[in-house]
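Trainee: I'd like a close look at one part of this model, the aromatic cluster. Could you start there and then work outwards to whatever connects with it?

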Amino acid sequence: MNILLINGPNLNLLGTREKEVYGSKSLEDIQQDLSVLATQNQCNLISFQSNAEHEIIESIHSTIEAKIDFVIINPAAYTHTSIAIRDAFLGVKIPFYEVHLSDIYKREEFRHFSYLSDIAEEVITGMGAKGYEEAMLKGILKYRGK
Ligand code: DQA
């Protein structure tokens, strides 16, 4: 199986950025741990991070050609603003899990709304880096053999 991990804007700063909110693991550490988990489950993980909305959209479009089975995405601030990322997922019809390190529902009101959650397989929020692992294992269980 092929899994695409997408991390949105400012997540390249993980490990130094607002550690009390997002934890002390760097994005490289998170990607590395997820890669190991993917390999243990006979899966291939492709990791991508971008601060640019159009690059995230293009990576979602690329899932068809790349034969991706499902996507794990932390859209970061684009969660709350991007109709274009929503439309990209609807356009290519790729299943995806929405992950947030912090609990977006317990933070500022502007973070409570997500343009993606009603079309996501599941929203995993507030579990820190473990949330990505949870999403991966759920996706593998659901899409293996499909
Ligand atoms: C985030 C939550 C978003 O509101 C925020 O803009 C982020 C990270 C999270 O992982 O908790 O950049 O998606």
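Mentor: Sure. Phe-70, Tyr-97 and Tyr-143 make up one aromatic cluster, and bear in mind that we're looking at a predicted model. Over the whole structure there are 4 aromatic pairs. Take Phe-70 and Tyr-97: their ring centres sit 5.7 Å apart with the planes at 75 degrees, so this pair is edge-to-face. Phe-70 belongs to strand 3 and Tyr-97 to strand 4, so the two rings tie together parts that are 27 residues apart in sequence. Are these two rings buried or exposed? Phe-70 is buried, and Tyr-97 is too.

Follow strand 3 from there. Strand 3, residues 70–74, pairs with strand 1 in the parallel sense over 5 bridges. If you want a landmark for that pairing, find Ile-6, which stands opposite Ile-73 of strand 3. Strand 1 is also joined to strand 2 (residues 44–49) by 6 bridges, again running parallel. There, look for Ile-3 facing Leu-45 of strand 2. With strands pairing to strand 1 in this way, its burial is worth a check: 5 of the 6 residues of strand 1 (residues 2–7) are buried, so the rest of the structure largely encloses it.

Now go past the end of strand 3, into the loop that leads to helix 4 (83–92), and you'll find Thr-79. Thr-79 has a relative accessible area of 0%, so it's buried. Its side chain has a polar atom 2.4 Å from the backbone oxygen of Ala-76. Leaving aside residues up to four places away in sequence, Thr-79 touches Glu-98, His-100, Phe-113, Ser-114 and Tyr-115. Two of those contacts, Phe-113 and Tyr-115, bring us back to aromatic rings. What about their accessibility? Phe-113 is partly exposed at 47% relative accessible area, and Tyr-115 counts as partly exposed at 26%.

Another of the Thr-79 contacts, His-100, is also among the residues around the ligand. Ala-76, whose backbone oxygen lies 2.4 Å from that polar atom of the Thr-79 side chain, is on the ligand list as well. Others on the list include Arg-17, Tyr-22, Asn-74, Ala-77, Ser-102 and Ile-104. Which polar atoms come up against ligand oxygens? His-80 places a polar side-chain atom 2.7 Å from a ligand oxygen. Leu-101 uses its backbone instead, with a polar atom 2.8 Å from an oxygen of the ligand. Then there's Arg-111, where an N or O atom of the side chain is 2.9 Å from a ligand oxygen.

Stay with Arg-111 for a moment, since it has a second role. Side chains of opposite charge can pair when their charged atoms come close. Arg-111 and Glu-108 meet in a salt bridge, 2.7 Å from N to O. Arg-107 joins in too: Arg-107, Glu-108 and Arg-111 are linked in a network of salt bridges, and Arg-107 is itself one of the residues around the ligand. Arg-111 has a relative accessible area of 17%, which is under the 20% cut-off, so it counts as buried. Glu-108, at 35%, is partly exposed.

That network belongs to a wider set, because the whole structure has 10 salt bridges. One of them runs between Lys-106 and Asp-103, with the closest N and O atoms 3.8 Å apart. Lys-106 is exposed at 71% relative accessible area, while Asp-103 is partly exposed at 23%.

To finish, look at helix 5 and the salt bridge it makes. Lys-142 pairs with Glu-121, the closest N and O atoms being 2.7 Å apart. Lys-142 is in helix 5 (residues 130–143) and Glu-121 is in the loop between strand 4 (96–100) and strand 5 (122–125), so this bridge ties together parts that are 21 residues apart in sequence. Both ends are partly exposed: Lys-142 at 38% relative accessibility and Glu-121 at 29%. And that takes us back to where we started, as Tyr-143 of the aromatic cluster is the residue number at which helix 5 ends.

Note on methods. Residues are numbered from 1 along each chain as its sequence is written. This is a predicted model: local features need pLDDT of at least 70, side-chain atom pairs count only at pLDDT 80 or more; totals for chains, interfaces and linings use all residues. Side-chain values use heavy atoms; hydrogens and water are left out. A salt bridge is a side-chain nitrogen of Lys or Arg within 4 Å of a carboxyl oxygen of Asp or Glu. Buried means under 20% relative accessible area, exposed over 50%, partly exposed in between (1.4 Å probe, protein chains only). Helices (H or I, at least four residues) and strands (E, at least two) are DSSP runs, numbered from the N terminus. Two strands pair if DSSP finds at least two bridges between them. Rings of Phe, Tyr and Trp (its six-membered ring) pair if their centres lie within 6.5 Å; planes under 30 degrees apart count as stacked, over 60 as edge-to-face and the rest as tilted. A polar contact is a pair of N or O atoms within 3.5 Å; within protein, one must be able to donate a hydrogen and the other to accept it, and residues adjacent in sequence count only if both atoms are side-chain atoms. Contact means heavy atoms within 4.5 Å. A residue is near a molecule or strand if one of its heavy atoms lies within 4 Å of it.
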